[in-house]
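Q: Could you take a close look at one part of this model for someone who is new to it? After that, I'd love to see how a few other spots compare with it.

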Amino acid sequence: CARCACGSALLRSCSVQACHSRGLGLRFGVSGFKMQGLPRHTQTVKLGELVERVVCSAHDDLVHLASGASGRSETDRKRELARYLHTLRQRLTRLHVLAEWAPVQRRARIAILCGDMVGQLKQHDRAFADTADRLFGLHQQMGWARAPLFDLPGALDVLCNGKYSALHSASIAEVAPIPGKGEDETETAFELEQRLALEQRLDCEMRSMLLDEKVKGTLPEGVLVWGVKGGTAIVGVPGEYRATLGLGGPPPLPKPVAPGDELGAEKPEFETQTPPHGGWLVRRIELLAGARDIDEPSGTPPRPFTITKLENRVLGERATARMAGMSPPPPAPPELVENGAEGICGLHRVGRDAALRLVAATIAEQTKRVALKGGAWFGGAIRVEPIKGRKDASLASTAGDFATQKNNGHGHGHGSQVEKTHGKGEGIRVWFWLPGASRTLGASGTRLAGVDVGSVEVASGAAAANDAAVAAGSAPRIELLYEKGEDAVDARIVARALVPAEGGIDTTVSCKKECAVEKIPFNMSSVDVREALADGIRFASLCKLRNVLDKIQGPCEESGLFMALDPNATRPIGDSQTTAENKSAEPNEDGWGEQARPAIVVRLTENGTCAQVCCDKKSGGLVVVGVHRIASSAYAAALAKTVKQGGIGSLPAALTGLVRAALESDLRRAMRTKGLAPVPSPRVLFRVSPGTAWPFDGEPPCAAVPVCPSSGGLFVAVFVTKSASTNAKPNTGDPKNEEPSTSGLRARLALIRARRVTAGSVPGPATWLSLTPEGRDFVSCDSTDTCEFTVTDLDSVASAMAFAAKTAVVAAQRLAVSDWLEQRNVAFSEFRPIGAGGDLGKPTIAWNAFVDDNQKQLVQIELVLAGEHGVTLTVTGLPRRAASRSEKTARNFSEETDSDSGRPAAPGGAGVAEG
């Protein structure tokens, strides 16, 4: 071949020698000529010309900047000058480095010489490739030009005599194959009987072969036989592969005997007999392993891996050859089978190897996409790296081999037979909760020449912190490993989570931290790196929360709070009424959403209202979940900031402060069940006069409900106070059976008056009167025996507030009317009822008013307050007008039948309006 001849001649004629003389020189020698005589392929420029170019370019840029500076503001001119100086300094720095580098050890000359050598070798390579292409074309032309060698005597014999003389005992018709039936042709009864009998014999034989595999113990673990019917057997592993087997393959080869052991070899317990219908034949292999795209939701069904017809045929041929103990035919690469026929074990080897290769490639692709895209871990909170350093079969090398073979058109290779060299990967490691992720969020800095200097510094510091944590092993991570086992048949992919022990972070690479290891479930039928990462984060959260619980349990018990660690807790339900519409709009404090995760469940009230202390899914920081359901958004944001800044030490005080908010939430829920509309934030709505404190223990009302009409400014409120006999009790370990800190609280009802100028204005300073527990009578604020009760019976509290709100409707009506009259400077008189009967049995407000613009016609107005039945307005003294006959009859009838002794007689021409 011209290519080989030219290549060998070049290698014989060239000898390259390198010697290091005092660290300053490098010499090349070629037999016959010096390397400096090579054709020039490298473009060069003199140092002086380069300096001149840089100076001219800087001068032109400065002139252009000066010409355009006129008319601009001082800030713009400074910014453009800073940008110009920044660019010029970079150019001069590059020029200085190049000027210092070129003369030392003749580096520039060496670089030019190497470039010339590379260019010359590329030219030779193009020449060799062109020569090889021309020779290959010439070879094809020679094959086309040669004459074929036809068997003319045999053709004449068949045409003239109707037979072939080489076959003395048979004719062509006798040895010719019988053509098969077409699709439209039906089977005869005899053919159907023969076919069914053959299928029955094949079924019996395959069942016998499978039973022998099971008795011998060679059936691999996990292999399942779906059924044997119609001359075929369905065998495979759920979640990995499924193969359709038949008979008619090559007969199984016996196990070879080692040289010298022919005489002393023991007779096997089970002799392998040649099957009458041939060995195993793999007709089709279906991969059950699949993956779920990371852009799809976690509940989406996974899609199985698909393979081409060529790959299916190659897999079938490999499996058939393995089952018989042979090497597969091309295009599959040759394999060395040393132990004879492998049976179902050979099928399992090929099927699992193909599934593992596709799963390995999917894991490598998904981890890269998760690291780049982020999602719940966005912001540099995770890092992906291959695990290297062993000679075993590896996940990364398996994925690379599969991709290479698939590109070469060979389908699935023999990964179990290739010896892996040192340095190949054996898995993938995903780090999460890196400390530098929090530094990159919200970073801000100064700007110089349009560059965020501060953000660049923060990003470099975050990267350094992440590198230190990874090198020291102080960050949690998950590992997806390829385990080979004793044989390649036992190969599998396992996932595990590693969480470092608590303690200081050691940034030295040599000192790795001890880790707690937990095995993570990994399903090959639905490969999803997000699920494995979420399981690893759950285990890390569980380890961290155990340490947190040990530190805060004592202080919380002293405050009357009881808690327990739940490994599979869901988001708590509080005051908000969750529906299908507002469920997705609820805040996601810890990033887990509705998924189960470890949490410290803290019972706040006896009615079951709880808060949870969790770990943030992205950063691993402590988060109190459920605050938005029992308190306002501002309170929740302030508490989240306190916990984030204070850490574990701030949790006891923060959780203790949630008790009152939880109690308010329970009270609002109980009030809604009674048909009341509680005030959203009574702490903000009500205020007292300067120098005045709220009654009882000085705390504002816990919950309040307005009295109709709301313009009266009356509210029925409940105050929660602490009992002097409250004592903390020991914890039994179950927060459901413990009495929370609300067991020692007492509730008191009061009627609050907070006057508003308009409906949208802020209420003025509040005044109050205490009520009995039933909400009936007013009592003194100093009396504690008759107006307090425990808050455990929230239903009774809500019932008393509902009764008090109903009873105070008349008072609210009176205040609304009196405020309206006072704002208009109208004098009025009020009549309170003394006894029952008639209209005077109800409170009445009366006043005079003019009905004309000249203020000459004066009328009397009476307003009877009927509470929940509304009000009745009576106007007396309206001007007389001509009345119809029907109106006169109605008025006479009204005057004759009116028998109320307590009602004053109305003068003539009076009008009555009721409402």
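A: Let's begin with a ruler: the expected span of a helix is 1.5 Å times one less than its number of residues. Helices (H or I, at least four residues) and strands (E, at least two) are DSSP runs, numbered from the N terminus. The model is predicted, so local features need pLDDT of at least 70 and side-chain atom pairs pLDDT 80 or more, while totals for chains, interfaces and linings use all residues. Residues are numbered from 1 along each chain as its sequence is written, and side-chain values use heavy atoms, leaving out hydrogens and water.

Now to the part itself, helix 8. This helix runs over residues 309-324, which gives it 16 residues. From its first C-alpha to its last, helix 8 reaches 23 Å, close to the 22 Å expected at 1.5 Å a residue. Twelve of those 16 residues are buried (under 20% relative accessible area; exposed is over 50%, partly exposed in between, with a 1.4 Å probe and protein chains only). Helix 8 is therefore largely enclosed by the rest of the structure. Among the buried residues are Val314, Leu315 and Met323, and also Glu311, Arg318 and Arg322. The end of the list is a run of buried residues, including Ala319, Thr320 and Ala321. Right after helix 8 comes Gly325, whose phi is positive, near 85°.

Positive phi values also turn up at residues that are not glycine. Trp433 has one of about 60°, and this residue sits in the loop between strand 10 (425-432) and helix 11 (437-440). Trp433 is buried, with a relative accessible area of 12%. Asn825 likewise has a positive phi, near 60°. Its loop lies between helix 19 and strand 26 (828-831), and at 74% relative accessibility Asn825 counts as exposed.

Another backbone spot to find is the cis peptide bond that joins Cys708 and Pro709, with omega about 0°. Pro709 belongs to the loop between strand 20 (703-706) and strand 21 (714-722), and Cys708 is exposed at 56% relative accessibility.

Next, let's turn to charged side chains. Counting a salt bridge as a side-chain nitrogen of Lys or Arg within 4 Å of a carboxyl oxygen of Asp or Glu, the total comes to 35. In helix 3 (residues 74-101), Asp76 and Arg79 are three residues apart, about one turn of the helix, and their side chains meet in a salt bridge at 2.9 Å, N to O. Asp76 is partly exposed at 32%, as is Arg79 at 38%. Helix 3 also holds Glu80 and Arg83, again three residues apart, and the closest N and O atoms of this salt bridge are 3.0 Å apart. Here too both partners are partly exposed, Glu80 at 26% relative accessibility and Arg83 with a relative accessible area of 30%.

For a salt bridge that spans more of the sequence, look at Arg753 and Asp819, whose side chains meet at 2.7 Å, N to O. Arg753 lies in strand 22 (residues 745-753) and Asp819 in helix 19 (residues 809-823), so the pair ties together parts that are 66 residues apart in sequence. Both Arg753 and Asp819 are buried. Salt bridges can share partners as well: in this way Asp293, Asp295, Glu365 and Arg369 are joined into one network.
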